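Hi,

Here is the model I promised to pass on. Have a look at it first, and my notes follow underneath.

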Amino acid sequence: MDYTQQKIRVKIQKVVRYVRLFGLIRTLTKVQAHYHMKKEFVGRQSLPVPSGPTGKHVGILGCGKFAYANVAYYVHKKYGSVIRGVMDTDLNKAISLAQRYRADYYTTSAEEVINDPHIDLIYIVSNHASHAEYAIAAIRLGKAVHIEKPHVVNEDQLIRLCAAIREHNGRVRLGFNRPESALGLLLKQYLDAQSGSSMINWFVAGHAIEADHWYFAEEEGGRILGNLCHWIDFTLRLIPAQNRFPIQIIPTRSRQSDCDISVSYVFGDGSIGIITFSAKGHTFEGVRETLNAHKGNLLANLSDFSELRLDINSTVVRRRLRFRNHGHKQSVLKSYLMQTDESKRDSVAMIWESGYLILKTKEALDTSTIISVAGFRDS
Ligand SMILES: NC(=O)c1ccc[n+]([C@@H]2O[C@H](COP(=O)([O-])OP(=O)(O)OC[C@H]3O[C@@H](n4cnc5c(N)ncnc54)[C@H](O)[C@@H]3O)[C@@H](O)[C@H]2O)c1
């Protein structure tokens, strides 16, 4: 829903609720991001790439709401004016983001940013079909790359992306943020401390997306690749790596293959993961998500990444955060550290397995068939 077009009463209600959920600064940044998308700079042209160094070294491809309110916001807040070049197919978005975060230049040419020798880290925050293509070109030139979700929209892209990473020892991190959140990390730590198989059950109410939104364009992959990928990837990461494969994917769908669906996974160790994704009316507080998990003596309940309850026998551990924390800040900043710290990158096995499971989940739901997937083979 476009809140900039709503009545003043609705706008105030939304802002008040968001201040309670996310805090004042985050809410203001989200509001600014919506107005950023409306800015127009009539008659302006791309700025040329400066010929020499300027002390800035970060590039951003795609300057929409997420780039503005999360990627550029957290990088700029933590590291200051380090964003050198920004690109968007819509120059207005690139100019607006460049002005707000003091980039040296803005352009509609991805090649200019990717080929800029003074940029060593690129955040890819554009439409889904372009992610892997931009990433492969950047990896070939030795840049570190943060790829927003989903990293690929088809198997051919996944094969070429993983080949480029292996060939060029690519430094790549996927923008899956939930595993980096404070409560996500704590949940994983407690689950790993238990033995045996897990039962993991998500109920997600997705925010309403207009039927003509670009997520639904054929080449962009729809909501399985655009939204469900978050919980598919996180569920996979919650199962210890050695216990994951083979995975059986069992789809349940109704009229649509990517809204109002449920998908079950049976993992190699007998663990079961179930994701129920409901997309109906408007959700005023954004995406709502609840996780219930059971493993060994641990019973876990996570609500909207703001509350976590862990029961371990007679012990109860509770964490209640002041504001929702989905791990966006941690994810964006972890990618920044990839340049100096090898451990921050995702392994090629993780990039393959996460991407393959997401693509095969889409196929299972599209065709209403049960599909079994194997793990990454390092051949
Ligand atoms: N990690 C998260 O929680 C999270 C949340 C929201 C969005 N995202 C991801 O961030 C990315 C951007 O989403 P958004 O919400 O900002 O969307 P948006 O619609 O607000 O912005 C997308 C921007 O990309 C630009 N664009 C389109 N095609 C392009 C191309 N080929 N090259 C460069 N720019 C192009 C558009 O002009 C637009 O400015 C998507 O991959 C989305 O899935 C991640």
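UniProt, in an unreviewed entry, lists residues 57-176 as "domain: Gfo/Idh/MocA-like oxidoreductase N-terminal"; its positions are given in the numbering used here, feature names are shortened, and annotations may be inferred rather than shown by experiment. That stretch is 46% helix and 19% strand, with its end C-alpha atoms 23 Å apart. Helices (H or I, at least four residues) and strands (E, at least two) are DSSP runs, numbered from the N terminus.

Before you dig in: this is a predicted model, so local features need pLDDT of at least 70 and side-chain atom pairs count only at pLDDT 80 or more, while totals for chains, interfaces and linings use all residues. Residues are numbered from 1 along each chain as its sequence is written, and side-chain values use heavy atoms, with hydrogens and water left out.

Now the ligand. There are 25 residues around the ligand, and Phe-66, Asp-88, His-128, Tyr-134 and Lys-149 come nearest; a residue counts as near if one of its heavy atoms lies within 4 Å. The shell has 7 nonpolar, 12 polar and 6 charged residues (Ala, Val, Leu, Ile, Met, Phe, Trp, Tyr, Cys and Pro count as nonpolar, Asp, Glu, Lys and Arg as charged, and the others, Gly among them, as polar). Helices α3 (65-79) and α6 (131-140) each supply at least two shell residues. Because domain 1 (3-174) and domain 2 (178-324 + 344-373) both give residues to the shell, the ligand lies between them; these bounds come from an automatic or database domain assignment.

Which side chains make polar contacts with the ligand? Among them, Lys-149 has a side-chain N or O atom 2.8 Å from a ligand oxygen, Asn-177 has one 2.9 Å from a ligand nitrogen, and a polar side-chain atom of Glu-148 sits 3.0 Å from a ligand nitrogen. The protein buries 84% of the 850 Å² that the ligand exposes when taken alone (Shrake-Rupley method, 1.4 Å probe; for residues, only the protein chains shown count as cover). A polar contact here is a pair of N or O atoms within 3.5 Å; within protein, one must be able to donate a hydrogen and the other to accept it, and residues adjacent in sequence count only if both atoms are side-chain atoms.

Lys-149 turns up again in the backbone: its peptide bond to Pro-150 is cis, with omega near -10°, and Pro-150 is in the loop between β5 (144-147) and α7 (155-168). Phe-245 and Pro-246 are also joined by a cis bond, omega about -5°. Most residues other than glycine have a negative phi, and most peptide bonds are trans. Phe-305, not a glycine, has a positive phi of about 50°; it lies in the loop between β12 (298-303) and β13 (307-312) and is buried, at 0% relative accessible area. Buried means under 20%, exposed over 50%, partly exposed in between (1.4 Å probe, protein chains only).

Two other buried loop residues are worth a click. Asp-116, at 2%, follows α5 (110-115) in the loop before β4 (121-124), and a polar atom of its side chain is 2.9 Å from the backbone nitrogen of His-118. Arg-345, at 18%, has a side-chain polar contact of 3.1 Å with Asn-169 and reaches the backbone oxygen of Gly-170 at 3.4 Å.

Cheers
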